[in-house]
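Student: I have a model open and want to learn how to read it. Where should we begin?

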Amino acid sequence: MINAPQFSWRFLLPKYWLLWLGAGLLWLISWLPYSVLMWLGAGFGRLLLTLLKSRSKVALRNIELCFPDMPAAEQQQLVQQNFVETGRALFDTVIGWWWPNWRIRKLAHFYGYEHIQAAIAQGKGVLLLAPHVLHLEAACRAFGLTHPSVGFYRPNNNPLLDYLQYHGRSRANKYMIGKRDVKGLIAALNQGEVCFYLPDQDYGRNRAEFVPFFAVKETATTTGTLLFANAANCVVLPVIPSRLANNKGYEIRILPALQPFPSGDNKADVTVVNQWVEKVVQQNPEQYMWLHRRFKTRPNPDDASLYK
């Protein structure tokens, strides 16, 4: 492990008791059947829709911007479905962090592993491009049962939650690297590791190009993907995680390597990344993280916000 958070006796102080209580209740609930957890999650998501008005407005605005030709009633319906999936994401996290392997295996459906094997056989690391789907915690755990990987993540400001998050996410995988540790991720790739990277949120104008994403012609898109692909001995493989209907679990599908990638044209390359994310989103649009303000960074700082 690299800089893995360690248990501290201060986690037993009263200020952490509420978090321990919540985690304990969720652990107990996690033993319920998967179908029951998804039913509870759907109900929780409907409750969130009534409580998180500002976030529901962000989700609706993102959908309006991406799908301007979609009828208003369908846009509203997609927001409602998205909040159902958001509620289920709480239990996806519980599943990913705490379920025993034998339970996860029953829900894991893995395709395309030969693309990872081919890269490893060539002595290369693998940079897996994954979109921000709401069930990613469980999907990454399922992925780790086939090939333990390395994650690139944002450490939580709450030290106890960071401890639980780190070790939960590492349960079937190797270790996590903080999002500011660029050299650490490059080193892991050079050591032949399979590393997850999520390139589809708005990280600001630093190291970004403004290229199309759905109907928004100038969307701030990170060039971090290109930084890692250029600096490390690796191939870039898109991965499509999806939640299957009828409580059948999670599908993880690895696609062939992006080629030629990177091409040397940053705008063209990040456009390819966005086009891939679009294809993933279009398969199950309700499963995407629409609650994030994807279009908050405008090409010019003085441009009007798209969220007003």
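**Reading strands, a helix and an annotation**

Tutor: Begin with strand S9 (residues 249-254): five of its six residues are buried, so S9 is largely enclosed by the rest of the structure. Keep in mind that this is a predicted model.

Student: How far can I trust the prediction? What is the mean pLDDT of the chain?

Tutor: The mean is 96, and 99% of the residues reach 70 or more. Among the elements, helix H2 (residues 34-51) has the highest mean pLDDT, 98. Strand S3 (residues 150-153) has the lowest, 92.

Student: Back to S9. In which sense does S9 pair with strand S1, parallel or antiparallel?

Tutor: Parallel. S1 (residues 108-111) and S9 share four bridges. To find the register, take one pair: Ala 108 has Tyr 250 of S9 as its bridge partner.

Student: And in which sense does S8 pair with S9?

Tutor: Antiparallel, over six bridges; S8 covers residues 234-244. Here Val 239 is matched with Ile 254 of S9.

Student: What links S8 to S9?

Tutor: A hairpin, with four residues between the strands. Check the backbone in the turn: Asn 246 has a positive phi of about 60°.

Student: How should I think about side chains along a strand?

Tutor: In a regular strand they alternate between the two faces of the sheet. Burial must still be checked strand by strand. Strand S7 (residues 216-222) is mostly covered, with five of its seven residues buried.

Student: Which strand pairs with S7 in the antiparallel sense over five bridges?

Tutor: Strand S6 (residues 208-213). Val 211 stands opposite Thr 219 in S7. The S6 and S7 hairpin has two residues between its strands, and Phe 214 takes a positive phi near 55°.

Student: Now helices. What is the general idea?

Tutor: An α-helix has 3.6 residues a turn, so residues three or four places apart point the same way. Next, compare length with expectation. Helix H4 (residues 72-98) has 27 residues. From first C-alpha to last, H4 reaches 40 Å, close to the 39 Å expected at 1.5 Å a residue.

Student: Where is the kink in H4 centred?

Tutor: On Leu 90, with a kink of about 25°. Check the end-to-end span and the local bend separately.

Student: Last, annotations. Which residues does UniProt give as "transmembrane region"?

Tutor: Residues 12-30, according to an unreviewed UniProt entry. Then set the label beside the model. The span is 68% helix and 0% strand, and its end C-alpha atoms lie 23 Å apart.

Key. Residues are numbered from 1 along each chain as its sequence is written. This is a predicted model: local features need pLDDT of at least 70, side-chain atom pairs count only at pLDDT 80 or more; totals for chains, interfaces and linings use all residues. Side-chain values use heavy atoms; hydrogens and water are left out. The expected span of a helix is 1.5 Å times one less than its number of residues. The bend at a residue is the angle between axes fitted to the seven residues ending there and the seven starting there. UniProt positions are given in the numbering used here, feature names are shortened, and annotations may be inferred rather than shown by experiment. pLDDT is the predictor's confidence in each residue, from 0 to 100. Buried means under 20% relative accessible area, exposed over 50%, partly exposed in between (1.4 Å probe, protein chains only). Two strands pair if DSSP finds at least two bridges between them.
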